[in-house]
Amino acid sequence: MDLFDFMRNENMEKDSPLASRLRPTTLDEVVGQEHIIGKDKLLYRAIKADKLSSIIFYGPPGTGKTTLAKVIANTTSAEFTQINATVAGKKDMEEVVEKAKQTMGMYGRKTILFVDEIHRFNKGQQDYLLPFVEDGTLILIGATTENPYFEVNGALISRSIVFELKPLSTENIKQLILRAVNDKEKGMGAFNARIDDDAADFLAEISNGDARTALNAIELGILTTDKSEDGTIHITMEVAEQCIQKRAIRYDKSGDNHYDTVSAFIKSMRGSDPDAALYYLAKMLYAGESVEFIARRIMISAAEDVGMADPNALTVAVSAANAVHQIGMPEAKIILAEAVVYMATAPKSNASYMGLEKAMSAVQNTKISGIPVHLMDAHYKGAAKLGHGDGYKYAHDYENHYVNQQYLPDELVNEVFYNPGDLGYEVKVKEHFKKIKG
């Protein structure tokens, strides 16, 4: 590196965005991801001991994939080099491999290659790396926002450990916000700024687990806000709203308004009002509510409120939940909207749920002498000699695959737990029962 390179790097470091400047250089500075870099975890021990094997970091934007790679770069004795899959070609990789071979041959040092956006490499580019990862010429660190089991070569996956990074918690983001405001060396501390607690909470909440989003908003706020009479730059709720271009809505995930909104959401689907259901869905999404939480509420509504009036509703809800988990935001909101409209417009019946509640009451309050003998299992040792199964009529041997016989215990004969309604599929259930039972 010559003097010009040195000065350019110094200026880039000085003028780089806050999110880049605040990036940790040691493990102890990393915020969040305790499930993989807690002090008793494998990755923490491997980084500390400088004994890394090839790994792939998978997670949403702003969760620390590049940060962890930079921490490794600062702690390893190996040669560290980085390329971005969006711009790197085969020639770039050939140069990295050639230099890695020289480093190993001349100095006995391994080379760690960090490939950002590794899912952008096509199959051929990924295949090119494989033999050098396999023979130890390169230790690969890949970072991807896409599920690596779908987007990364299976052979590379089999030679790597996949670590999934989670969206940072609200507390994690707030910790970073306060560090950014007060840190005079890496952050904005030299600007003599302060942030109101409600503004910090709002930015931490609305960032939806993405640290970069929150830090960009803080940097914009401090750089564009005039000083107050006391000489400080005051980041209020109004400034925070302007910097992130979102209005703060009254929605505390742990408070009453959260439960009120969820309640209104469920009741709107139950009440067959798709407009209201979509509004409350939008409110929850806007406030950064977990899409997995919303998907769970839709599944419950499908079973409890739509029920047997449209048995396909539960299939739709479960499929939506799986899709949301695979895709994530922002596209997940499209899937949730379809599922919500389906539930709100479907015919409704709680007959199966209420039937279960009635049956649960019977189990709890009625003393039962036993299961009818003809329904008992006759196959286990000695059961047949006890008469178990005697007199059982096999339904498929009869017309309409139905035969009238007692199934409930003696004490509950003639009890009715399930009363099908008059909407949707339950009309067919009624017709079917009328046909076979007469």
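**Reading a predicted fold, step by step**

Tutor: Let's begin at D50, which lies in the loop between helix 4 (42-49) and strand 1. Helices (H or I, at least four residues) and strands (E, at least two) are DSSP runs, numbered from the N terminus. Residues are numbered from 1 along each chain as its sequence is written. This is a predicted model, in which local features need pLDDT of at least 70, side-chain atom pairs count only at pLDDT 80 or more, and totals for chains, interfaces and linings use all residues, while side-chain values use heavy atoms, without hydrogens or water.

Student: What is the phi of D50?

Tutor: D50 is not a glycine, yet its phi is positive, at about 55 degrees.

Student: Which element has the lowest mean pLDDT, and which the highest?

Tutor: pLDDT is the predictor's confidence in each residue, from 0 to 100. Helix 1 (residues 3-15) has the lowest mean among the elements, 48, and helix 18 has the highest, 94. Over the whole protein the average is 85, and 92% of the residues score at least 70.

Student: Where does pLDDT stay under 50?

Tutor: Where pLDDT is low, the predicted coordinates should not be read in detail. Here, residues 1-12 stay under 50, and the model gives this stretch two contacts (heavy atoms within 4.5 Å) beyond four places in sequence.

Student: Now the sheet. What is the order of its strands?

Tutor: Strands of a sheet pair through backbone hydrogen bonds, either parallel or antiparallel. Two strands count as paired if DSSP finds at least two bridges between them. In this protein, five strands form an open sheet in the order 2-3-4-1-5, with parallel pairing. Strand 2 (79-84) and strand 5 (161-164) are at the edges with a single partner strand each, so one side of each has no neighbour in the sheet. Ignoring direction, neighbouring strands are turned against each other by 15 degrees on average.

Student: How many bridges link strand 1 and strand 5?

Tutor: Strand 1 (residues 55-58) pairs with strand 5 in the parallel sense over four bridges. To find the place, look for I55, which stands opposite I161 in strand 5.

Student: Which strands does helix 5 lie across, and which does helix 7 touch?

Tutor: Angles run from 0 to 180 degrees between N-to-C directions, with axes fitted to C-alpha atoms, for helices over the stretch in contact. Helix 5 (residues 65-75) lies across strand 1, strand 2, strand 3 (111-116) and strand 4 (138-144), and runs at about 145 degrees to strand 1. Helix 7 (residues 123-134) also packs on the sheet: it touches strand 3 and strand 4, making about 135 degrees with the direction of strand 4.

Student: At what angle do helix 17 and helix 18 cross?

Tutor: Angles under 35 degrees count as roughly parallel, over 145 as roughly antiparallel, 65 to 115 as roughly perpendicular and the rest as oblique. Helix 17 (residues 312-327) and helix 18 (residues 332-345) cross at roughly 170 degrees, and their axes come within 9 Å. That is why helix 17 is roughly antiparallel to helix 18. Among the residues in contact are V316, A320 and I327 of helix 17, and I335, L336 and Y342 of helix 18. By class, this contact has 13 nonpolar residues, one polar and no charged; Ala, Val, Leu, Ile, Met, Phe, Trp, Tyr, Cys and Pro count as nonpolar, Asp, Glu, Lys and Arg as charged, and the others, Gly among them, as polar.

Student: What joins M329 and P330?

Tutor: A cis peptide bond joins M329 and P330, with omega at about 10 degrees. P330 sits in the loop between helix 17 and helix 18.

Student: How far apart are the axes of helix 16 and helix 18?

Tutor: The axes of helix 16 (residues 291-306) and helix 18 are 10 Å apart, and the angle is about 15 degrees. The two helices are therefore roughly parallel to each other. Residues of helix 16 including I294, I298 and V306 meet residues of helix 18 including L336, V340 and M343. This contact divides into 11 nonpolar residues, one polar and no charged.

Student: How many charged residues are in the contact of helix 11 with helix 13?

Tutor: Helix 11 (residues 197-206) and helix 13 (residues 237-244) pack at about 25 degrees with axes 8 Å apart, and are therefore roughly parallel. Helix 11 contributes D198, A199, F202, L203 and I206, and helix 13 contributes M237, A240, E241 and I244. By class, that gives seven nonpolar, no polar and two charged residues.
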